[in-house]
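Let's take a walk through this structure together, one part at a time. Keep the 3D view open and turn it as you read.

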Amino acid sequence: MIMRGALQFISYPSCSAYRRRYRYLSFSLGSLTVTEQPKRSLFKPNRPSNNKSSAFKFISLCGLVIVANLRFIMAWRSHGSDNDDLVKQLKRNGVIKTPAVERALITIDRGNFVKTNAYADSPQTIGYAATISAPHMHAVALEQLSAQLKEGASVLDVGSGSGYLTACMAVMVGDTGKAVGIEHIPELVTKSLENIKKDQVASRLLDLGRLIIEHGDGRIGSPEHGPFDAIHVGAAAPDIPQALVEQLKAGGRLVLPVGPQGGSQTLIQIDKSADGEVKKSRLMGVIYVPLTDQKKQWPIGARTMDDL
């Protein structure tokens, strides 16, 4: 998956006068340029316009939005020379915020789960029309779920793919917790277990039964292992799967991308209160591969281990 340009919406601030007057906004990481719309003035004829002052006010209106979203631009610069350096860059760029997430990402070496460019901050193919998400998006997911990923908690990772994020979650919930990854491509289940066994900590959690990778349709969750304190979905569903909401514990949280393939997608957070009330929050615009069935993603006749 990859994330959309984080600043795409700031060209139109809430102030209607400045939205019309400064319709064109160009920017880079090092500069911000405001271009005045070359049409009639919004101000009264007997009131002279101060372009410099207006531009300053406009930039002030956008300032908070720009600062908040520059973090996601910087996330794309979080490339590392090795796993420790990757985590260091993610922390420096403000993506990693909590010690528990930092420890998990340091503990599980991404290089055991990706063949090439393991420490580049970008998605990588893992075969079978599947990808492993960019490191900054994995960090975002863990941060959004960090309040739920405590020692002894249970978590479900839908579309577990390489097994990397599931292993990170297993580290966060510890020896008394349970992290379940569900993947509908059988070959990826096999490959992810091989990846996990390369990692000493993850392999031990697998042997203890605290880290589980199973084959199945993630859209219906894993009733056998539920309910869950946290659920993460690594592919975009056209609608929120009700089965996953039902498998959330009271106080649980679900994070998933929602939207059509190739269309507008949003990372959504679902929180379930103690009385069962469900609250939905929009986090950010994203682009993910679709959450689909096994046949649509990779037809049986097309399967070959060479694709891995």
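Start with helix α6, which is largely enclosed by the rest of the structure because nine of its ten residues are buried. Keep in mind as you look that this is a predicted model. The buried residues of α6 are Tyr164, Leu165, Thr166, Ala167, Cys168, Met169, Ala170, Met172 and Val173. Just after the helix comes Gly174, with a positive phi near 75°.

What does α6 lie across? The helix, residues 164–173, lies across the strands β5 (154–158), β6 (178–183), β7 and β8, and it runs at about 165° to β6. These strands belong to an open sheet of seven, arranged in the order β7-β6-β5-β8-β9-β10-β11, with mixed pairing. At its edges sit β7 (211–215) and β11 (278–286), each of which pairs on one side only. From one strand to the next, the twist averages 15°.

It helps to recall what holds such an arrangement together. Strands of a sheet pair through backbone hydrogen bonds, in either a parallel or an antiparallel way.

Now find β8 in the sheet. All six of its six residues are buried, so β8 is largely enclosed by the rest of the structure. On one side, β8 runs parallel to β5, and four bridges join the two; here Val155 stands opposite Ala230 of β8. β8 also pairs with β9 in the parallel sense, again over four bridges, and His232 stands opposite Val255 in β9.

Moving along to β9 and β10, you meet an antiparallel pair: six bridges join β9 (residues 248–258) to β10 (residues 265–272). Within this pair, Leu256 has Ile268 of β10 as its bridge partner. Another helix, α5 (residues 135–144), lies across β8 (228–233), β9, β10 and β11, and runs at about 160° to β11.

Next, look at how side chains gather inside. Which residues touch the most other members of the largest nonpolar core? In this core of 49 residues, they are Leu105, Leu142, Leu149, Met169, Leu211 and Leu267. Helix α6 supplies the largest share of this core, with eight residues. Apart from this core lies another, of 19 residues, which includes Ala237, Val245, Leu256 and Ile268. You have already met Leu256 and Ile268 as bridge partners.

Leu211 deserves a look of its own. Leaving aside neighbours within four places in sequence, Leu211 is in contact with Thr166, Ala167, Ala170, Ala179, Ile196, Ala202, Leu205 and Leu206.

Returning to α6, you can find an aromatic pair. Phe113 and Tyr164 meet edge-to-face, with 5.6 Å centre to centre and 65° between the planes. Phe113 lies in the loop between α4 (99–107) and β3 (124–127), while Tyr164 is in helix α6, so the pair ties together parts that are 51 residues apart in sequence. Phe113 counts as buried because its relative accessibility is 4%, and Tyr164 counts as buried at 4%; the cut-off is under 20%.

Finally, step back to see the whole chain. The protein chain has ten helices and eleven strands, and 49% of its 308 residues count as buried. Among its contacts with a separation of 6 or more, 59% come from residues 24 or more positions apart. The chain exposes about 15,100 Å², of which carbon and sulfur atoms supply 53%.

Key:
Residues are numbered from 1 along each chain as its sequence is written. This is a predicted model: local features need pLDDT of at least 70, side-chain atom pairs count only at pLDDT 80 or more; totals for chains, interfaces and linings use all residues. Side-chain values use heavy atoms; hydrogens and water are left out. Two strands pair if DSSP finds at least two bridges between them. Axes are lines fitted to C-alpha atoms, for helices over the stretch in contact, and angles run from 0 to 180 degrees between N-to-C directions. Contact means heavy atoms within 4.5 Å. Buried means under 20% relative accessible area, exposed over 50%, partly exposed in between (1.4 Å probe, protein chains only). Accessible areas come from the Shrake-Rupley method with a 1.4 Å probe; for residues, only the protein chains shown count as cover. A nonpolar core is a set of buried Ala, Val, Leu, Ile, Met, Phe, Trp, Tyr and Cys residues joined through side-chain atoms within 4.5 Å. Rings of Phe, Tyr and Trp (its six-membered ring) pair if their centres lie within 6.5 Å; planes under 30 degrees apart count as stacked, over 60 as edge-to-face and the rest as tilted.
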